[in-house]
Amino acid sequence: MTTPITPPPTGFHGPVKRSVTIAGHQTSISLEPAFWAALEGEATARALPLNALIAAIDALRIAQSNPPNLASALRSWLFANVPVVNENHSQQA
């Protein structure tokens, strides 16, 4: 039996723009609320301010030979480093 595809429990949400400071410069990042929540959770787990976590990911991003935009880098980093948790399954890789 296949698992039905259902919408997220809180519905679908578009990106939310927030201003952050990286290396002393303000920049705006647009991410969906789920990604903001995941970043905030990781910052808390690592005992870092949110701006510091974003700055660290940004430093890794710009060191790449062909860096993506910052929002893409943040999403990619989260998928690579944070387990996905939902109501139907305890953890998914």
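**Figure 1. Helix α1 passes helix α3 in a left-handed crossing.** In this predicted model, the axes of the two helices lie 11 Å apart and meet at an angle of about 60 degrees. The arrangement of α1 relative to α3 is therefore oblique. On the α1 side, the contact is made by F35, A38, L39 and E42. The residues contributed by α3 are L74, R75, W77, L78 and F79.

**Figure 2. The protein chain contains three helices and two strands.** Read from the N terminus, the order of elements is β-β-α-α-α. Strand β1 covers residues 16–22 and strand β2 covers residues 25–31. Helix α1 spans residues 33–45, helix α2 spans residues 50–62, and helix α3 spans residues 70–81. Of the 93 residues in the chain, 23% are buried. Considering contacts between residues at least 6 apart in sequence, 34% join residues at least 24 apart.

**Figure 3. Strands β1 and β2 form a hairpin.** The two strands run antiparallel and are joined by seven bridges. Two residues lie between the strands, and A23 in the turn has a positive phi of about 55 degrees. In a regular strand, side chains alternate between the two faces of the sheet.

**Figure 4. Residue K17 in strand β1 stands opposite S30 in β2.** Is K17 buried or exposed? K17 has a relative accessibility of 60% and therefore counts as exposed, the cut-off being over 50%. When residues up to four places away in sequence are not counted, K17 touches S28, I29 and S30. K17 and L31 are 14 residues apart along the chain, and their C-alpha atoms are separated by 6.6 Å.

**Figure 5. A salt bridge joins R18 to E40.** The closest N and O atoms of this pair are 2.7 Å apart. The pair links distant parts of the chain, since R18 belongs to strand β1 and E40 to helix α1, with 22 residues separating them in sequence. R18 is partly exposed, at a relative accessible area of 29%. E40 is likewise partly exposed, at a relative accessible area of 33%. Side chains of opposite charge can pair when their charged atoms come close. A search of the whole structure finds four salt bridges, and the pair of R18 and E40 forms one such bridge.

**Figure 6. The side chains of R75 and E32 meet in a salt bridge.** The N-to-O distance is 3.3 Å. Which parts of the chain does this pair link? R75 lies in helix α3, whereas E32 lies in the loop between β2 and α1, and the two are 43 residues apart. R75 counts as partly exposed at 22% relative accessibility. E32 also counts as partly exposed, at 22% relative accessibility. R75 is, in addition, among the residues of α3 that make the contact with α1.

**Figure 7. Residue E42 of helix α1 forms a salt bridge with R46.** The closest N and O atoms of E42 and R46 are 3.0 Å apart. Are these residues buried or partly exposed? E42 has a relative accessibility of 14%, which means that it counts as buried, the cut-off being under 20%. R46, by contrast, is partly exposed, with a relative accessible area of 41%. Not counting residues up to four places away in sequence, E42 touches L53, W77, L78 and V82. Two of these residues, W77 and L78, belong to the α3 side of the contact with α1, to which E42 contributes from α1.

**Figure 8. Residue R61 lies in helix α2.** Because its relative accessibility is 17%, R61 counts as buried. Which residues does R61 contact when its neighbours within four places in sequence are left aside? R61 is in contact with P67, P68, N69, L70 and A73. R61 and L74 are 13 residues apart in sequence, and their C-alpha atoms are 8.9 Å apart in space. L74 is also one of the α3 residues that make the contact with α1.

Conventions
Residues numbered from 1 in each chain as written. Predicted model: local features only at pLDDT ≥ 70, side-chain atom pairs only at ≥ 80, totals over all residues. Heavy atoms only, no water. Pairing = 2+ DSSP bridges. Helix = DSSP H or I, 4+ residues; strand = E, 2+ residues; numbered from the N terminus. Buried < 20%, exposed > 50% of the residue type's maximum accessible area, 1.4 Å probe, protein only. Axes fitted to C-alpha atoms, helices over the stretch in contact; angles between N-to-C directions. Parallel < 35°, antiparallel > 145°, perpendicular 65-115°, else oblique. Left-handed = near helix turned anticlockwise from the far one by under 90°. Contact = heavy atoms within 4.5 Å.
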